[in-house]
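Got your viewer open and a selection box ready? Load the model and follow along, one stop at a time.

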Amino acid sequence: MSTLTKSGDWCVYIVECRDKSLYTGITNDLKNRIHAHNEGTGARFTRGRRPVVLKYVEILADRSTASKRELQIKSLTREEKLKLISG
């Protein structure tokens, strides 16, 4: 995970939860954010669905761009998200 982004890079990511649900978020510290999700200190959505597994990462120019892309991805259907994950 830590090799996917360098510290300070903004990215949008998708994790798959234990119950197979998908969660999309943004961060500038991917390694610590995934760790927080798995420790139960990340998003409320993932707390009861641990562990989570990182499925997708998209590195973006800045926080604003990452936030806009996060909203785009969150508006996709589950099937569209799975297509995005699979490439």
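What follows is a short walk through a predicted model, with something to select at each stop.

**Stop one: helix α3**

Start by selecting residues 63–74, which make up α3. You should see twelve residues, with 16 Å between the first C-alpha and the last, close to the 16 Å expected at 1.5 Å a residue.

Now show side chains for A66, E70 and I73, the buried residues of this helix. Turn the view to look down the axis of α3: the buried residues fall within an arc of 65°, so they line one face of the helix. Swing round to the other side of α3 and pick K68 and L71, which are exposed.

What do the buried residues of α3 pack against? Colour β1 (10–16), β2 (22–27), β3 (53–60) and α4 (78–86), and you have the partners.

Before leaving, zoom in on the N-terminal end of α3, where D62 acts as the cap. Draw a distance from its side-chain oxygen to the backbone nitrogen of S64, and the value is 3.3 Å.

**Stop two: H37 in helix α1**

Next, go to α1, residues 30–39, and select H37. Is H37 buried or exposed? Its relative accessibility is 0%, so H37 counts as buried, the cut-off being under 20%.

Show what surrounds H37, skipping neighbours within four places in sequence: the contacts are Y13, Y23, G42, A43, T46, R50 and V52. Keep G42 and R50 on screen, as both of these contacts of H37 come up again below.

**Stop three: N32, also in α1**

Stay in α1 and select N32. With a relative accessible area of 45%, N32 is partly exposed. Measure from its C-alpha to that of G42 and you get 9.6 Å, for two residues ten apart in sequence.

**Stop four: the cis bond at P51**

From R50, step along to P51 and check omega: the angle is near 0°, so to speak a cis peptide bond. P51 sits in the loop between α2 (44–47) and β3.

**Last stop: K20**

Finish in the loop between β1 and β2, where you will find K20. Which sign does phi of K20 have? The angle is near 75°, a positive value in a residue other than glycine. As for its surroundings, K20 counts as partly exposed because its relative accessibility is 48%.

How values were computed:
Residues are numbered from 1 along each chain as its sequence is written. This is a predicted model: local features need pLDDT of at least 70, side-chain atom pairs count only at pLDDT 80 or more; totals for chains, interfaces and linings use all residues. Side-chain values use heavy atoms; hydrogens and water are left out. Helices (H or I, at least four residues) and strands (E, at least two) are DSSP runs, numbered from the N terminus. The expected span of a helix is 1.5 Å times one less than its number of residues. Buried means under 20% relative accessible area, exposed over 50%, partly exposed in between (1.4 Å probe, protein chains only). The arc is that of the directions from the helix axis to the C-beta atoms. Contact means heavy atoms within 4.5 Å. A polar contact is a pair of N or O atoms within 3.5 Å; within protein, one must be able to donate a hydrogen and the other to accept it, and residues adjacent in sequence count only if both atoms are side-chain atoms.
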